[in-house]
Amino acid sequence: MAGWHGGWARGLWRTAVALAAPPLTAALAFEVAWESAYGSLPTWGFFLGGLLLPLLLLGWHAALATRRGASLIALSALPAGLGALLALASVGHSALEDRGVEISCTVLKVTEHTQTESSMDAQGHWTSTTRTSYDHRLDCPEHMDSPSRLAKQGESLAVVHDPQGKVSPRAAGDVHGWGLRTAAEVAVGAAVLLGLAGGIREAYEKRRRRPR
């Protein structure tokens, strides 16, 4: 009986962690990004606390779940990580919406950068991913790096920049604070549902394997 109660309590705890991990890591990323954009947090604190720490915590959470065979809980770390990244990005966009100033700049030069990354999957097969970015040098005291070409050399480009210099500038039509927050909530919600399904599945499988 004591072992049954201990297993039940352990199952409840694991399910609670699976449900809490996605929103907590997203909240951590959001709060760190908010302190960076609206407070005095330095850049290294932003990357360490807002980007690296949430992803490490989710990776550890997924590793523990994988070790005990809870595949759905481990899988929930993927949308949870996406939600944390979207929450992190949404703060910069919101700051530009709140205090950004739109200016018109002339594109002096556009430089294309291509980067290829290779990775090996579990079967030993190598895959390559190529990413292209465009560095836009402007006649304003700003420069922008974008995954797409925003304007050609000599053309005018509307840019929203942060007067406080804490948030990177963006093209005027590329500020989506509300949209990113909504996407983050959807990703975190999906992670919570996966965690709940994984907790129920794990409890069911342990109960089925228990000797009668």
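Helices are DSSP runs of H or I, at least four residues long, numbered from the N terminus. In this predicted model, Leu 48 is found in one such run, helix α2, which spans residues 43–67. Leu 48 has a relative accessible area of 45%. That value makes Leu 48 partly exposed, because partly exposed residues fall between the 20% limit for buried and the 50% limit for exposed. Leu 48 also belongs to a nonpolar patch on the surface. Its partners there are Trp 44, Leu 52 and Leu 56. Together, the four residues have about 450 Å² of accessible area.

Aromatic rings were examined next. A pair of aromatic rings is described by the distance of the centres and the angle of the planes. A search of the whole structure finds three aromatic pairs. One of them joins Phe 30 and Trp 34. Their ring centres are 5.9 Å apart, with 25 degrees between the planes, and the pair is stacked. Both residues lie in helix α1, which covers residues 2–38. Phe 30 and Trp 34 are four residues apart in this helix, so about one helical turn separates them. Phe 30 is partly exposed, at 26% relative accessibility. Trp 34 is partly exposed as well, with a relative accessible area of 36%.

Trp 34 also pairs with Tyr 38. Here the ring centres are 4.1 Å apart and the planes meet at 25 degrees. Planes under 30 degrees apart count as stacked, so the pair of Trp 34 and Tyr 38 is stacked. Trp 34 and Tyr 38 again sit four residues apart in helix α1, about one turn of the helix. Tyr 38 has 29% relative accessibility and counts as partly exposed. Phe 30, Trp 34 and Tyr 38 thus make up one aromatic cluster. A charged side chain meets this cluster at Tyr 38: Arg 99 lies over the face of the Tyr 38 ring. The distance from the ring centre is 5.1 Å.

The last site is in a loop. Ser 76 is found between helices α3 (71–75) and α4 (77–99). Is Ser 76 buried or exposed? Its relative accessibility is 1%. Buried means under 20%, so Ser 76 counts as buried. The side chain of Ser 76 has a polar atom 2.5 Å from the backbone oxygen of Ile 73.

Conventions: Residues numbered from 1 in each chain as written. Predicted model: local features only at pLDDT ≥ 70, side-chain atom pairs only at ≥ 80, totals over all residues. Heavy atoms only, no water. Patch = residues over 30% accessible without salt bridge, like charges linked within 9 Å, V, L, I, M, F, W, Y side chains within 5 Å. Areas by Shrake-Rupley, 256 points an atom, 1.4 Å probe, with all protein chains shown as cover. Salt bridge = Lys/Arg side-chain N within 4 Å of Asp/Glu carboxyl O. Helix = DSSP H or I, 4+ residues; strand = E, 2+ residues; numbered from the N terminus. Buried < 20%, exposed > 50% of the residue type's maximum accessible area, 1.4 Å probe, protein only. Phe/Tyr/Trp six-rings, centres within 6.5 Å; stacked < 30°, edge-to-face > 60°. Lys NZ or Arg CZ within 6 Å of the ring centre and 35° of its normal. Polar contact = N/O pair within 3.5 Å; in protein donor to acceptor, adjacent residues only side chain to side chain.
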